[in-house]
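Trainee: Got a minute to walk me through this one? I'd like to start with what your terms mean.

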Amino acid sequence: MTLPHYDAIVIGLGALGAATLYQLSQRGARVLGIDQFAPPHDQGSSHGDSRITRLAVGEGDEYVPLVHRSHAIWRELEARTGHELMTTTGGLILAPRDRVAEHHGKSDFVRRTIACAERFGIAHEVLDAAGIRARYPQFHLQGDEIGYLERDAGFVRPEEAIAAQLAVARADGAQTRTGERVLSVEPVGNGDTVRVRTDTASFTADQVVVAAGAWLPEFLGRQARTDWQAHFSVHRQVMHWFDTGPSAAADFAPGRFPIFIWMFGDAQEDYMYGFPASDASQPALKVATEQYVDATTPDALNRDVSAEETAAMYRNRVAGRFPQIQGHALKARACMYTVTPDRRFVIDALDGLPHVLIVSACSGHGFKHSAGLGDAIADRVLGRESAHGLDLRPFARERLVASQYP
């Protein structure tokens, strides 16, 4: 029996999968997207109302063209769908001036971000504590801070962005199958075709993109690729929304309050990030931190956030830094980061299976780049040069193999 055949199949329709499916559909490819859930959903990494976006990327210069392209794509999608996907609020990154504060595996993150902005001509200001207080009195500072303020930073709505890309992709001919789990991916014939088997059907394709997010380690294990699997770990992260109260709602609204990344010490746990109150019907300061100590799996993930977790977040990070916020949590949600040892992405073909591309926007800073990555991945899958000069070579797996990492 002849199986349905596609130019490309995308496995996983979260941030990267939806972006790749959308871009392939725009190039006229016959493409199928498969997801075990019904995206957008709250089971993985791409949920929680908002994700930070910023043009100067302290994690590395290789990301800057991707986030610039992503911003252009969000605006193109907004024009096509009529839905607001990205809100520009300004962005503040701050840390103690005379301390080497680390973020996403990079030390002295504020100054790295400043240097990146200078190299790429990104509009910004450098503020001391007095300048931060004058601009944003909501922050209760120690007095020794340095701040990087970027005019064009803001947040993207992940659920809406994924939904928009999937809707446009379907309208332009892409097919999707949801509620369907992929069981195996294997070469057929002379290896130029790949068969994808799910729990209900089978398909073939010239190319397969695996954008499985937190399910990637499990997928690699099923493919008997423990050499790849060892590069990825999954970590539970928690987001909290604290009620601003009617008296402070205006002070924390977009336009009055920025997205922020605040490192107040040298340890990884001396840190939080947050967002303005994006939901006018329930104004709340959304804050979160990151942890890379305790690993988990999607099946083992504790999706419930305890009252003590929220109380600790307020007590240890929020109370002394935002005096207007009183500690009443409107909600809290758990999500997952898929993390590599060097906190960078992996976008590379499986050795021995050159038609199977693994894409993992890892380590908590992927969503802002996802639309641009989808653009570059689509060109790679179709054997084209990137129309926008996007370079995926820095994300090859070989760096992990050649380094001290597993």
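Mentor: Sure: buried means under 20% relative accessible area, exposed over 50%, and partly exposed in between (1.4 Å probe, protein chains only). This is a predicted model, where local features need pLDDT of at least 70, side-chain atom pairs count only at pLDDT 80 or more, and totals for chains, interfaces and linings use all residues. Residues are numbered from 1 along each chain as its sequence is written, and side-chain values use heavy atoms, leaving out hydrogens and water.

Trainee: OK, which residues of α3 are buried?

Mentor: Phe109, Val110, Thr113, Ile114, Cys116 and Ala117. Seen down the axis of α3, they fall within an arc of 160 degrees (taken from the directions from the helix axis to the C-beta atoms), so they line one face of the helix. Helices here are DSSP runs of H or I, at least four residues, and strands are E runs of at least two, numbered from the N terminus.

Trainee: And which ones are exposed on the other side of α3?

Mentor: Glu118 and Arg119.

Trainee: What does the buried side of α3 pack against?

Mentor: Its buried residues pack against α2 (64-81), β5 (91-96), β6 (124-128), β7 (145-150) and β14 (259-263). Contact means heavy atoms within 4.5 Å.

Trainee: Switching topic: how many residues has the largest nonpolar core?

Mentor: It has 74, and Trp74 and Ile377 have the most contacts inside it. Helix α10 (residues 367-381) gives the most to this core, with seven residues. Such a core is a set of buried Ala, Val, Leu, Ile, Met, Phe, Trp, Tyr and Cys residues joined through side-chain atoms within 4.5 Å.
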